[in-house]
Amino acid sequence: MATTLADDLKPLHHPKTWIGKYVWSQDHKVIAVQYGVTAIAIGLVALVLSVLMRLQLGFPGSVPWIQPENYLQYVSMHGMIMVVYLLTALLLGGFGNYLIPLMVGARDMVFPYVNMLSYWVYLLSVIVLVIGFFVPGGPTGAGWTLYPPQAITEGTPGYSWGIVTMLVSLAIFIIAFTMGGLNYVTTVLQARCKGMTLMRMPLSVWGIFTASIMGLLAFPALFVAAIMMLLDHLAGTSFFMPTLFSFGQTTDTVGGNPILFQHLFWFFGHPEVYIVALPAFGIVSDLISVHARRNIFGYRMMVWAIVIIGGLSFLVWAHHMYVSGMNPYFGFFFAISTLVIAIPTAIKVYNWLLTLWRGDIHLRVPMLFAIAFIFTFIHGGLTGLFLGNVSVDVPLSDTYFVVGHFHMVMGVSPVLVIFGAIYHWYPKMTGRMWNKTLGQMHFWLTFLGTYAIYMPMHYIGILGVPRRYFALGETAFIPDSVALANAGITIAAIVVFLAQGLFFFNMIWSLFRGPKADPNPWGAASLEWQTPDTPPVHGNWGPKLPTVYRWAYDYSVPRPERDFIPQNEPPA
Amino acid sequence: MPLAIAIAALVVGSVLFHLVSPWWQTPIASNWTSIDSALDVTLWICGLAFVVLNLFLANAVWRYRHRPGHKAHYEPENATLEKRLTFWTGIGIIGMLAPGLTAWDKYVTVPEDAAMVEAVGQQWQWSFRYPGPDGVLGAAGVMHITPENTLGLDPTDPFGRDDILVEAGEMHLPVGKPVKMVLRSKDVLHDFYVPEFRAKMDLVPGIVTYFWMTPTVAGNFEILCAELCGVGHHEMRGAVVVEDQEAFDEWQAGQITFGEVLAQASPASRYAMFATADVCIGTNNWSNP
């Protein structure tokens, strides 16, 4: 038999200094925490921006220094930070780093040094992003989609400097992601321990693995779009710029096409939705299975659904562009491909439900979040069918229906999974247990609060209220009740915002004062719970790598006394 | 246990919210009832799935909650069940796509007899152009724009002379006549959006985009911009007046034509207008759409 990386022939070089251990660390677990903390920190900035937006929408004029340009800057930075710098970085850089080596039985990522670089380059991209808040003119206000020409023409906030820091930061982020993504893919393919076949891997790994491959294919489209727009802005090229008559002057750009940018952006942007969703799908599958004490229903179908969704998601991008002015006949193809992708997605939902059915459901805090995810994802997934169904999209596009939809499906849903996952793996990562009551309060306020925020938005959108409006002003078709709804939504948003304090307090307090956690408090079968140390030390597995004899879902198997069999337990 | 109740309550609450919500589509004022019916079909299918799946979820959480002595059932998969579910999902998808694509087919097929009207967007106002008696919009492009020729008509194109220019931000349409709205932008992306018409389309600088509709209800409607276009985006408003043919003809007769603009211009500004014609041969010269 050929030697693979998993044969564990190389000696481990443990770091000798504090800096080597915690700062320039090559340990995937430390890098995961670095990624996670940075992503959550910048995510908090985006969260504050959303509260500022809601204050303006719910109580117009109540904060006098929020002007139209500020509002658009909040919209743009909130969106970009949440999608790229929080969700992508946290799910892949954070959870990917932490879970992949532990779940597949490896000592670390296969390229630990590149892995370390990935984090530091990511941190650099975040720093450049933050610099954008302080440059003359402030950050870009072109919307998170950064559509040209307006992203780089007068009349848009941050059109001279803010857009440059944004595009440069994105390019740096993509370099960081590429280093991380190559690592995740290679580690899954090359460093699995003995017995860990692909079809024995936990679905978390499948989700992160597929999302990493997709990221490696999709991010380059954004990379070239960012470089091309930088050239348009700084070097006078005309990739996206036709001749314009802007603020009394004819530009000397000639023959570019703004729609080309939209194609490039969404060729990245739609797979991006699934780059965020697939890790969340995988993780939530594991959470549901562990806490329902039942094998994930239809594992093989779940794996194939992840792979098929990953593939199809590259064929649906123009459903963001039905009314963009592209050839309208494309609408037929993209409506069909978009609605077809609902089939594997629906299968995943059915299988989560069927995993719960006839289970033994322990409603611990991580499980509360996982079940709430099923609810919000069903809601967000179904409203996506309205927007995918081309002609139905025409009246709904660019209204609050869109805002409600994508926040349910790729805001609330993945964030619920992230919370569930943090509560779930916290005892393994820190060796301590969080406070149950605080966790439950955090759950209820977040789950019910976010539904109160986004549910009414769908109806305001069906009425026709357009999004990205600083103020609705006097508009005949918009009744006064919409202002009332906006005020209510804002209050719900502030409650949800404050409720996150419970989470941070719980996590930080428990880190020092929490009771010592059992090495496997949930009775989970997958490999990361079977490490000799809790929290796992550098190298993860002590002197000998584990050997795997079964899949990750042997829960409540009829014969044994215990209701689970760890993956590395030899057959009797 | 509270979770099962909460999920069931959210399902019931959502349905009630739908029934009593004061917010639903504006009364339709165009021919696009097919879009509204496609939306209704999508709503019924998705609403049914929402209720059934979430009540199943609440039921499962309730019924199989952990109790001492209770043990989960071991069943790795059930291929027959999964196939059946896939089949019925496919039926639901087809049920939604059929009306959706049928409506789209109409949306992209402009009737032969549709009258042409041009809307031009710029930060942050609307202008309009009607083709005049010859029924043809003259060539235009931003390189022809001068202080007097704000819509950038090509002064050398004879088809443009009788074009009617409207810069007041208010357009008129005859009721019951199909109209092809051709859309141009001078600067950035905009979107011609009248909620009551249901139809909408982006304005893209450098190209001409279009959609069509038949206004069916006389009255005044507001035009909004639905594609982010800078700090004045929310204030970019216009108006459509839908009226009977007589009133429309009367209104149109009172508007200025491009020929009149040329005739009234001072020699210097007329010279400036024609000077732009020298540079207009190239890819940026929009021909008659």
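In this predicted model, the two domains of chain B touch through a contact in which 10 residues of domain 1 meet 14 residues of domain 2. On the domain 1 side, that contact is made up of six nonpolar residues, three polar ones and one charged one. As for where the domains sit in the sequence, domain 1 of chain B is built from two segments, 2-66 and 75-108, while domain 2 covers 115-279. Their centres, taken over C-alpha atoms, lie 41 Å apart.

Chain B also has plenty to do with chain A: 83 residues of chain B are in contact with 97 residues of chain A. On the chain B side, the elements that put in two or more residues are helix 1 (2-20), helix 2 (33-63) and helix 3 (79-108), together with strand 6 (190-193), strand 7 (200-203) and strand 9 (219-225). Helix 3 of chain B gives the most, with 14 residues. Sorted by class, the chain B side of this interface comes out at 48 nonpolar, 21 polar and 14 charged residues.

Turning to chain A itself, the secondary structure amounts to 15 helices and two strands. The radius of gyration of chain A is 24 Å, close to the 25 Å that the globule rule gives for 572 residues, so chain A is as compact as a globular protein of that length. Along its principal axes, the C-alpha trace of chain A spans about 80 × 50 × 50 Å. Of the 572 residues in chain A, 63% are buried. Among contacts in chain A with a sequence separation of 6 or more, 81% link residues 24 or more positions apart.

One helix pair in chain A gives a closer look at the packing. Helix 7 (residues 258-291) and helix 8 (residues 299-312) of chain A pack at an angle of about 175°, and their axes are 11 Å apart. Angles over 145 degrees count as roughly antiparallel, so helix 7 and helix 8 of chain A are roughly antiparallel to each other. From helix 7 of chain A, the residues involved are A:Tyr274, A:Leu278, A:Phe281, A:Gly282 and A:Ser285. Across from them, helix 8 of chain A supplies A:Met302, A:Ile306, A:Ile309 and A:Gly310. By class, this helix-helix contact contains six nonpolar and three polar residues, with no charged residues.

Definitions and conventions: Residues are numbered from 1 along each chain as its sequence is written. Chains are lettered from A and ligands numbered from 1 in the order in which they are written. This is a predicted model: local features need pLDDT of at least 70, side-chain atom pairs count only at pLDDT 80 or more; totals for chains, interfaces and linings use all residues. Domain bounds come from an automatic or database domain assignment. Two residues are in contact if their C-beta atoms, placed from the backbone, lie within 7 Å. Ala, Val, Leu, Ile, Met, Phe, Trp, Tyr, Cys and Pro count as nonpolar, Asp, Glu, Lys and Arg as charged, and the others, Gly among them, as polar. Helices (H or I, at least four residues) and strands (E, at least two) are DSSP runs, numbered from the N terminus. The radius of gyration is taken over C-alpha atoms; the globule rule is 2.2 Å times the number of residues to the power 0.38. A residue is buried if 20 or more other C-beta atoms lie within 10 Å of its own, exposed if 12 or fewer, and partly exposed in between; C-beta atoms are placed from the backbone. Axes are lines fitted to C-alpha atoms, for helices over the stretch in contact, and angles run from 0 to 180 degrees between N-to-C directions. Angles under 35 degrees count as roughly parallel, over 145 as roughly antiparallel, 65 to 115 as roughly perpendicular and the rest as oblique.
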